[in-house]
Amino acid sequence: MKQDLIAIIDMGRDDNSALARKIRDYGVYSEVYPHDSSLESLKLNGNLKGIILNGTEKDGNELNLLKGFSSIAPITNADKIYSSCNLEDFLFKTAVCNKNWNMENFIEDQITLIRRTVGQGKVLLALSGGVDSSVVAALLIKAIGGNNLFCVHVNHGLLRKGEPEQVIEVFGKNLKQNLIYVDASERFLSKLKDVSDPERKRKIIGAEFIRVFEEEARKLNGIEFLGQGTIYPDIVESGTKAGKAVKAHHNVGGLPEDLTFKLIEPLKYLFKDEVRACGKALGLPDNMVFRQPFPGPGLGVRCLGAITKERLEAVREADAILREEFEKHNLSRKVWQYFTLIPDIKSVGVRDNMRSLGYPVIIRAVNTVDAMTATIEHIDWTVLDIITKRIINEIPSVNRVCYDLTPKPTGTIEWE
Ligand code: XMP
């Protein structure tokens with residue numbers, strides 16, 4: 001391992017991951033550990049230079065913290081103990097850390113680790129085209145090449161315009177026949193026919209996705225490993241807390257027990273912005289690396305009510321126009337999430353001097369830190385005007401465009 005490590009011991013405070021993030025910003029690698037971890041497990045992840053017991057005031061004085069910590073490392077009189085010191089001084093003067101946390105070292109270390117773990121084995125990866133799975137794919141290609149890596153890209157028909165094509169373009173040349181593209185659009189649409197309840201739609205999409213992936217996995221023989229885009233917040237948020245069991249983090253989601261794989265999760269210690277930096281360092285295109293969040297059920301929850309092909313295509317086109325114009329007007333990196341949705345209603349309009357019925361398209365553009373609350377973005381009228389004109393001119397079934405002014409709460413970010 002190339003990097004120095006500062007271990008943060010979770011003693012019940014809520015700011016463990018914020019502290020780890022802050023230390024990494026100083027160029028020093030840091031990780032959060034449960035209070036009952038062994039010293040040996042800490043040392044596996046880097047050159048252990050210092051340990052921070054991150055406790056609360058109410059836990060009492062540091063003597064109590066030390067008692068709680070003694071299961072990790074019995075404190076001897078030779079150990080140096082510092083309390084409440086300046087973080088930068090602690091990192092560089094006390095623990096004498098090197099600033100060696102950077103993406104180049106991370107990638108190099110991960111490649112070594114993956115090669116050591118996988119050897120000549122075969123790895124399967126569900127490649128959605130989202131940031132995390134794309135970065136895992138790029139890392140695995142670098143580590144083991146395209147011959148032993150099998151990526152399954154399931155197109156559930158609810159992806160944004162151009163997404164399956166981009167996955168094929170970016171990964172096809174390295175993976176060749178090992179990039180398994182499954183166009184399951186019709187299959188998903190028929191399962192979703194006449195289903196209007198959002199939660200049922202979600203369940204159907206999730207369950208069908210696993211079924212398709214599982215069918216493909218069964219066709220491949222001798223797969224030993226499953227690659228996953230688990231990232232650090234998935235792990236920290238599910239709890240390293242004292243006494244709280246670490247939740248089995250999400251996997252491709254309930255794969256049947258007879259499909260047993262060993263997991264390869266190379267991003268599990270990275271925060272989202274670090275995943276993006278890693279993707280950039282691996283040479284992935286910006287529009288893949290800086291992709292905004294997109295819900296798993298995709299356009300399925302943006303085509304409100306029972307999905308029809310006509311409205312699904314309309315919302316896909318409208319979304320593509322919105323993304324194109326946001327890119328053109330330098331809004332794409334400024335706004336956290338922006339998209340269009342289409343309700344299941346028609347209103348009266350005029351087209352070619354004739355009274356006609358058409359669908360409205362609603363634009364939503366929000367900013368947030370953690371998606372728990374959100375504010376709306378104040379988009380310039382001129383830009384909204386350009387987008388509106390393009391949508392009503394280029395999509396014949398749409399005759400109105402509305403802008404959603406609702407913050408969260410009361411509105412959620414998605415409408416379903
Ligand atoms: P809401 O609508 O609850 O969304 O304000 C918060 C964030 O979560 C995303 N979202 C989902 N992501 N599967 C996902 O993977 C889902 O079913 C889902 N529903 C909402 C949403 O896009 C927003 O970023």
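**Sheets, ligand shell and unusual backbone geometry**

Strand E7 (residues 223–227) and strand E8 pair in the parallel sense over three bridges, where two strands are said to pair if DSSP finds at least two bridges between them, and where helices (H or I, at least four residues) and strands (E, at least two) are DSSP runs numbered from the N terminus. The model is a predicted one, in which local features need pLDDT of at least 70, side-chain atom pairs count only at pLDDT 80 or more, and totals for chains, interfaces and linings use all residues. Residues are numbered from 1 along each chain as its sequence is written, and side-chain values use heavy atoms, with hydrogens and water left out.

Within the pairing of E7 and E8, Gly227 has Ile264 of E8 as its bridge partner. Both strands belong to an open sheet of five strands with parallel pairing, in the order E6-E5-E4-E7-E8. Its edges are formed by strand E6 (179–183) and strand E8 (262–264), each of which pairs on one side only. On average, and with direction ignored, neighbouring strands of this sheet are turned by 30° against each other; here axes are lines fitted to C-alpha atoms, for helices over the stretch in contact, and angles run from 0 to 180 degrees between N-to-C directions. Helix H7 (residues 163–175) packs on the sheet, where it touches strand E5 (149–155) and E6, and the direction of H7 makes about 155° with that of E6; contact here means heavy atoms within 4.5 Å.

Another open sheet consists of three strands in the order E2-E1-E3, again with parallel pairing. Strand E2 (29–34) and strand E3 (47–54) stand at its edges with a single partner strand each, so that one side of each is left without a neighbour in the sheet. From one strand to the next, the twist averages 25°. Strand E1 (residues 4–10) and E3 run parallel and are joined by seven bridges, and Ala7 has Ile51 as its bridge partner in E3. Helix H1 (residues 16–25) lies across E1, E2 and E3 and runs at about 160° to E2, while helix H4 (residues 87–94) lies across E1 and E3 and runs at about 155° to E3.

An antiparallel pairing is found between strand E10 (residues 347–351) and strand E11 (residues 354–367), over five bridges. In this pair, Ser347 stands opposite Gly358 in E11. The two strands, E10 and E11, form a hairpin with two residues between them, and Asp352 in the turn has a positive phi of about 50°.

The ligand is surrounded by Arg202, Pro295, Gly296, Pro297, Trp336, Gln337, Ala371, Lys408, Thr412, Ile413 and Glu414, a residue being counted if one of its heavy atoms lies within 4 Å of the molecule. By residue type this shell divides into five nonpolar, three polar and three charged residues, with Ala, Val, Leu, Ile, Met, Phe, Trp, Tyr, Cys and Pro counted as nonpolar, Asp, Glu, Lys and Arg as charged, and the others, Gly among them, as polar. Polar contacts to the ligand (pairs of N or O atoms within 3.5 Å) include one in which a backbone N or O atom of Gly296 lies 3.0 Å from an oxygen atom of the ligand. A side-chain N or O atom of Gln337 is 2.8 Å from an oxygen atom of the ligand, and a polar side-chain atom of Glu414 lies 2.5 Å from an oxygen atom of the ligand. Taken alone the ligand exposes 490 Å², of which the protein buries 69% (accessible areas from the Shrake-Rupley method with a 1.4 Å probe).

Most residues other than glycine have a negative phi, and most peptide bonds are trans. Lys408, a residue of the ligand shell, is joined to Pro409 by a cis peptide bond with omega of about -15°. Pro409 is placed in the segment after strand E13 (398–403), and the peptide bond from Pro409 to Thr410 is also cis, with omega near 20°. Asn330, although not a glycine, has a positive phi of about 55°, and its place is in the loop between helix H13 (309–328) and strand E9 (337–341).

Technical notes
A polar contact is a pair of N or O atoms within 3.5 Å; within protein, one must be able to donate a hydrogen and the other to accept it, and residues adjacent in sequence count only if both atoms are side-chain atoms.
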